[in-house]
Amino acid sequence: MKYDTRYPSVADLKLRARKRIPNFAYDYVDGAIDEEIGKKRNRDAFHEIVMTPRYLIDVTSVSTESELFGRKYSLPIGVPPIGLGNMMWPGAEMALATAAQKSNIPYILSTFSTTLLEEIADTAKDVCWFQLYVPKKQSVMKEIIDRAKKSGFNALVVTLDIPVGAKRNRELKNGLKLPFSFTPNIIWQSMIHPRWAMGTLMHGAPDFVNVLPYKEGPNQGLAEFISDFAMAGVTLERLKEIRKLWDGPLILKGTQYEKNALDAINLGVDGFIVSNHGGRQLDAAPSSVQTLREMSEQVRKTATIMLDSGIRTGMDVVRAKALGADFSFSGRSFYYGMGAMGKEGANQVIEIFRDEITRTLQQVGCHAFEQMDSSWLS
Ligand SMILES: Cc1cc2nc3c(=O)[nH]c(=O)nc-3n(C[C@H](O)[C@H](O)[C@H](O)COP(=O)(O)O)c2cc1C
């Protein structure tokens, strides 16, 4: 096996991450909104997807490749955008981008990442996509899209599902706020996790490097700037402008309402990542699996459908494909891997997914991921 068998699953990496990094960093990634029911609903929905295996077939070799927007990726799983990624492990974003390029899977960089977008594009030039939180100021929006275009990002992902900042109770209780300040809990947690603390010291405290140039001088506080940066609800007019500015694949992330998807298709959007932001925004939101199940033929036929929120195993990726998602992303899985193993965690998670996707295809009797469809559902 091409991974460390002491941690053979994402669930094992999660357990190790919890011990290995400070609680405020772990809770930032693991936590969700309100009672965290939506996050649980995402997982439960995967457990309900049952498939009938087919035997009397030679499955010595199966293909895990998947094509998206004219490029073949080696696996149908990618890294979605995670803001403040380097807080989970120093250098996490660059480590994941490097591993994604090497393994030929997509890596989506967040607007609120802690590594410069130009550096990520250099490292992951064939597989990097850029995620946009649509800035209130049109001039800033144009400049960021222009930077993404000039640096060579292959697709633009516009996130819809954060019209307003979330109240996440774990973050509040841990005293996690902007600018990063050294409360007694944060100092204590850093002291008892010296490898994380040393790494962060050497790497520098995580900062919103891509958007800081747009802060209005020293008088504007960081918290105020970040919470006021993006539009309170992306409008169709803005989406129209973005379509004009970006001539590559344009993807909407977080669409759960059929009419939103149809309106976006009319504006020329190429694909959707069906998502509820991993249960981090609206505890009552349907699971991404439920949204996918209910998606109309019209949307499925005209756009590329991808999914995230709750994916934790290779089998989930195959289950999602049986329901109609051509590709999946898993946010927390990759970051549990970083917390558990540092930079080696990137490859560990990719190889766990590769192994589990391959075995699931063999087990159900399907020669290629791209052939998986609803006829396997029980
Ligand atoms: C800690 C954290 C930060 C996130 N930051 C962003 C972000 O900056 N932009 C974005 O579009 N989505 C963000 N997301 C949502 C992820 O891209 C993705 O939709 C979510 O993690 C999927 O759920 P999963 O973690 O259950 O796989 C974030 C998620 C987490 C857990």
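Helices and strands are here DSSP runs, of at least four residues for helices and at least two for strands, numbered from the N terminus.

**Figure 1. Overall fold of the chain in the predicted model.** By that assignment the chain contains 17 helices and 10 strands. The C-alpha trace spans about 70 × 50 × 40 Å along its principal axes, and the radius of gyration of 20 Å agrees with the value near 21 Å that a compact globule of 378 residues would have. Of these 378 residues, 57% count as buried. Where contacts join residues at least 6 apart in sequence, 75% of them link residues at least 24 apart.

**Figure 2. Surface and charged side chains of the chain.** The exposed area amounts to about 16200 Å², of which carbon and sulfur atoms supply 55%. The chain carries 46 positive and 43 negative side chains, and the centres of these two sets are separated by 3 Å.

**Figure 3. The largest nonpolar core and the helix that gives the most to it.** This core comprises 118 residues, and those with the most contacts inside it are Trp 129, Phe 153, Phe 272 and Phe 334. Helix H17, formed by residues 344-364, makes the greatest contribution to the core, with eight residues. In soluble globular proteins, nonpolar side chains tend to be buried together.

**Figure 4. Helix H16, residues 331-341, within the surrounding structure.** Because 11 of the 11 residues of helix H16 are buried, the helix is largely enclosed by the rest of the structure. The buried residues include Arg 332 and Ser 333, the aromatic residues Phe 334, Tyr 335 and Tyr 336, and the glycines Gly 331, Gly 337 and Gly 339. Phe 334, one of these buried residues, is also among the residues with the most contacts inside the largest nonpolar core. Just after H16, Gly 342 adopts a positive phi of about 65°.

**Figure 5. Leu 13 of helix H1 and the residues it touches.** Leu 13 belongs to helix H1, which covers residues 10-20, and it counts as buried because its relative accessibility is 0%, where the cut-off for burial is under 20%. Leaving aside residues up to four places away in sequence, Leu 13 touches Tyr 7, Tyr 336, Gly 337, Ala 340, Met 341, Gln 348, Val 349 and Ile 352. Among these partners, Tyr 336, Gly 337, Ala 340 and Met 341 are buried residues of H16. The C-alpha atoms of Leu 13 and Met 338 lie 8.6 Å apart in space, although the two residues are 325 residues apart in sequence.

**Figure 6. Two loop leucines with positive phi, Leu 56 and Leu 84.** Most residues other than glycine have a negative phi, and most peptide bonds are trans. Leu 56, which is not a glycine, nevertheless has a positive phi of about 60°; this residue sits in the loop between helix H3 (37-47) and strand S1 (66-68), and at 91% relative accessibility Leu 56 counts as exposed. Leu 84 likewise takes a positive phi, of about 55°, in the loop between strand S3 (77-78) and helix H4 (92-103), but at 13% relative accessibility Leu 84 counts as buried.

**Figure 7. Gly 268 in the loop between helix H12 and strand S8.** The loop that holds Gly 268 runs between helix H12 (258-266) and strand S8 (271-274), and at 28% relative accessibility Gly 268 counts as partly exposed. Its C-alpha atom is separated by 25 Å from that of Ile 77, a residue 191 residues away along the chain.

Key: Residues numbered from 1 in each chain as written. Predicted model: local features only at pLDDT ≥ 70, side-chain atom pairs only at ≥ 80, totals over all residues. Heavy atoms only, no water. Rg over C-alpha atoms; globule rule 2.2 N^0.38 Å. Buried < 20%, exposed > 50% of the residue type's maximum accessible area, 1.4 Å probe, protein only. Contact = heavy atoms within 4.5 Å. Areas by Shrake-Rupley, 256 points an atom, 1.4 Å probe, with all protein chains shown as cover. Lys, Arg positive; Asp, Glu negative; His and termini not counted. Charge placed at Lys NZ, Arg CZ, Asp CG, Glu CD. Core = buried A, V, L, I, M, F, W, Y, C linked by side-chain atoms within 4.5 Å.
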